[in-house]
Amino acid sequence: TSEVYGDPEVHPQPETYWGHVNPIGPRACYDEGKRVAETLAYAYAKQSNVSVRVARIFNTYGPRMHANDGRVVSNFIIQALQGAPITVYGSGDQTRSFQYVSDLVNGMVALMESNYTQPVNIGNPDEHSIITFAQLIREMVGGDSRIEHLPPVVDDPQRRRPDITLAKKVLNWQPTVPLKRGLQKTVDYFRRELGRTNHEERNHAPIEDFEP
């Protein structure tokens with residue numbers, strides 16, 4: 001995934017960038033785990049003469065995200081729907097680029113069906129600050145949740161934006177779902193989920209929820 005780039009010093013991040021990772025920091029297991037996964041995949045491909053595909057997936061969101069998985073989009077939406085403070089770590093000036101789940105699926109399918117065997121960024125280059133995401137989601141949900149700033153996370157990447165030039169060229173792929181449309185569908189999904197009284201009914205979104 002895009003975690004191979006760590007806290008990048010090159011922006012946006014092309015596949016040729018080797019990354020900037022603290023190998024002993026609190027995020028090291030996460031970052032280095034993604035990096036060694038690529039290493040093992042290519043070592044196996046060379047040793048066993050098999051073909052592999054490597055997608056470097058950037059932040060993705062959409063229906064059926066787990067409400068408590070700690071991701072930015074689901075956290076902000078759940079907090080806003082419950083009228084709780086929307087928690088932002090640090091100043092909120094750090095940026096992310098979020099893609100809707102259907103765009104990711106289309107990109108993955110295109111990669112698997114291609115003959116390209118080197119890593120490919122699959123993400124949306126539409127970049128926004130975390131504070132902008134918080135304000136946008138609060139506006140979509142409504143209510144009066146305040147934005148609460150918490151201490152910054154150590155080694156939290158300050159900027160993330162994929163360079164998808166390669167994906168456009170070799171996969172003829174690029175994201176098509178605008179941020180506001182995807183967020184609205186995700187907000188609608190979580191609103192319904194929180195309204196269910198039977199927990200067993202949760203996480204069973206109708207298939208149309210995933211359509212752009």
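Here are a few notes on how helices 4 and 6 meet and on the nonpolar cores in this predicted model.

1. Start with the helix pair. Helix 4 covers residues 130–141 and helix 6 covers residues 179–195; their axes sit 10 Å apart, and the packing angle is about 55°. Angles between 35 and 65 degrees fall outside the parallel and perpendicular classes, so helix 4 counts as oblique to helix 6. The crossing of helix 4 past helix 6 is right-handed.

2. Which residues make that contact? From helix 4 come F133, L136, I137, M140 and V141, while helix 6 brings L179, K180, L183, Q184, V187 and R191. By type, the contact of helix 4 with helix 6 has eight nonpolar residues, one polar and two charged.

3. Now look at the largest nonpolar core, which has 26 residues. Y61, F76, I137 and L183 are the ones touching the most other members. Two of these names should look familiar: I137 and L183 also belong to the contact between helices 4 and 6.

4. Where does this core come from? Helix 2 (72–81), strand 3 (86–89), helix 4 and helix 6 each give two or more residues. Helix 4 supplies the largest share, with eight residues.

5. F76 is worth a click. Setting aside neighbours within four places in sequence, F76 is in contact with I86, T87, V88, I130, F133, A134 and I137.

6. There is also another core, lying apart from the largest one. This other core has 10 residues, including A55, L104, L166 and A167. As background, nonpolar side chains in soluble globular proteins tend to be buried together.

Note on methods: Residues are numbered from 1 along each chain as its sequence is written. This is a predicted model: local features need pLDDT of at least 70, side-chain atom pairs count only at pLDDT 80 or more; totals for chains, interfaces and linings use all residues. Side-chain values use heavy atoms; hydrogens and water are left out. Axes are lines fitted to C-alpha atoms, for helices over the stretch in contact, and angles run from 0 to 180 degrees between N-to-C directions. Helices (H or I, at least four residues) and strands (E, at least two) are DSSP runs, numbered from the N terminus. Angles under 35 degrees count as roughly parallel, over 145 as roughly antiparallel, 65 to 115 as roughly perpendicular and the rest as oblique. A crossing is left-handed if the near helix is turned anticlockwise from the far one by less than a right angle, and right-handed if clockwise. Contact means heavy atoms within 4.5 Å. Ala, Val, Leu, Ile, Met, Phe, Trp, Tyr, Cys and Pro count as nonpolar, Asp, Glu, Lys and Arg as charged, and the others, Gly among them, as polar. A nonpolar core is a set of buried Ala, Val, Leu, Ile, Met, Phe, Trp, Tyr and Cys residues joined through side-chain atoms within 4.5 Å. Buried means under 20% relative accessible area, exposed over 50%, partly exposed in between (1.4 Å probe, protein chains only).
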